[in-house]
Amino acid sequence: MPRSRWTEWPTREALSGIGVPRARHVLDIALLAALSSWAVYSAYMSEVFHGWGAVLPPLGLLGCAASAARYHRTTLDNRLSASLGLLGIIAATGLGAHAAGADVPAMVLWVSVALMAIERLPVAPVVAIVTLPVAGFLLTAESTLGALLTTAAVVLGGCALRLDAQARGAGFRLLAQERAAREAEAVSAALAERARIAREIHDVLAHSLSAQLVHLEAARLQIERGPEGPFRDRILERVVAARGMAREGLAETRQALSALRGEMAPVEEYLRELAESGPVSTEVTGARRQLSADASQAVRRVAQEAMTNVRKHAPGAVVRMLLAYLDGEVVLEVRDSGRPAVPDGPGTFSELGGSGAGYGLLGMRERAELLGGTLEAGPEGEGFVVRLRVPA
């Protein structure tokens, strides 16, 4: 339900003073210092504070300054009771000054209470509070007309301050809304572009890989029908390996398409699917949470590249993949046991060790650094370890 205008607080932007020029702050501080000095000087000139009583004016000023500073915080948090209590302390200090015969400090404090209330409180308590300084003005003013003119000046000044703060706050709210709208437009445009790229990849790469799978399967069937022999077996092995790589490439392409469309499966499921290709164990620790698209994609690509390197350089090695959710980051560790002591022979996968341009680790490290993370890779024990850390 909408709040009543009588109980509605000024906006947080208006209360926080956002957008106030520094020169205005300096001017306000100078004005407060001048008023405070005038109030203390008038208190001493009234000749009512002698002996130990001479410390009362500065102590009262410090107490009122602390109350005013705290009042700024409580009104910013919309705490009405605490705000009224702090204003009550300042008003009571003014009443004490009036009782001691220091009418000028009392007037300064009451005017301050009225201005602070009008500028920062809901309308209903403002109406109740302003009546108290009016009574004080009537007590200290030499005539009723003077008290009424003082009251009118204070009310008009407080309303001007309130309207100025509200106008400034409204401007910053509009600016924030415009910024949010632009960010939403940028996100929408990015999603649309990613969807377009996904369509292009699907129409070109996915179709090509699917056609390649069909041709490789046909080649496999024809080779199997041919005469048996070592040559046929080697060719068949190569065709089957190429078919498996094409199938994996098609699966990766579909993963990339899902990522572009924001429909990615959880990272844990991808690691489990990746582990099905060999003697790989997976472990997930920490409180699982949704990762950003970039962080999720980095984990997937690093795991994929690390497994490819294991197949190329340490075929048959036992691999352990650990995904750890930590505070503010996620860590992926891929550790292999090292290459088994098996002699190479014709047609073994050890021949793949010399393939590739050697940019895999460099690409993984660049991907991590773009996200503000790190990637460590190197021999450890008898095997090789790849450790990725990215903010998440």
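**Exercise 1. Which residues in H4 meet which residues in H5?**

*Preliminary remarks.* This is a predicted model, in which local features need pLDDT of at least 70, side-chain atom pairs count only at pLDDT 80 or more, and totals for chains, interfaces and linings use all residues. Residues are numbered from 1 along each chain as its sequence is written, and side-chain values use heavy atoms, with hydrogens and water left out.

*Solution.* Step 1: locate the elements. Helices (H or I, at least four residues) and strands (E, at least two) are DSSP runs numbered from the N terminus. Helix H4 spans residues 80–99 and helix H5 spans residues 103–120.

Step 2: list the contacts, where contact means heavy atoms within 4.5 Å. From H4, the residues Leu-87, Ile-90, Ala-91, Thr-93, Gly-94, Leu-95, Ala-97 and His-98 take part; from H5, they meet Asp-103, Pro-105, Ala-106, Leu-109, Trp-110, Val-113, Met-116 and Ala-117.

Step 3: sort them. The contact of H4 with H5 comprises 12 nonpolar residues, three polar and one charged. Here Ala, Val, Leu, Ile, Met, Phe, Trp, Tyr, Cys and Pro count as nonpolar, Asp, Glu, Lys and Arg as charged, and the others, Gly among them, as polar.

**Exercise 2. Determine how H4 and H5 are oriented, and compare the pair H9 and H10.**

*Solution.* Step 1: read the angle between N-to-C directions, which runs from 0 to 180 degrees; axes are lines fitted to C-alpha atoms, for helices over the stretch in contact. H4 and H5 pack at about 160 degrees, and their axes are 7 Å apart. H4 is therefore roughly antiparallel to H5.

Step 2: apply the classes. Angles under 35 degrees count as roughly parallel, over 145 as roughly antiparallel, 65 to 115 as roughly perpendicular and the rest as oblique.

Step 3: turn to the second pair. Helix H9 (residues 267–275) packs with H10 at an angle of about 10 degrees, the axes being 10 Å apart. H9 and H10 are therefore roughly parallel to each other.

Step 4: sort the residues of this second contact. Seven are nonpolar, two polar and three charged.

**Exercise 3. Describe the sheet and the helices that pack on it.**

*Solution.* Step 1: establish the strand order. The open sheet has five strands in the order E1-E2-E3-E5-E4, with mixed pairing; two strands pair if DSSP finds at least two bridges between them. Strands E1 (280–285) and E4 (374–380) are the edges, each pairing on one side only.

Step 2: follow the bridges. E2 (residues 319–326) and E3 (residues 329–336) pair in the antiparallel sense over eight bridges, and Ala-324 has Val-331 in E3 as its bridge partner. E3 and E5 also run antiparallel, joined by seven bridges, with Glu-329 partnered by Pro-391 in E5. E4 and E5 pair in the antiparallel sense over seven bridges, and Gly-378 stands opposite Val-385 in E5.

Step 3: examine the hairpin. Two residues lie between E4 and E5, and Gly-381 takes a positive phi near 70 degrees there.

Step 4: add a helix. Helix H10 (residues 293–313) packs on the sheet and touches E1, E2, E3, E4 and E5 (383–391). The direction of H10 makes about 175 degrees with that of E5.
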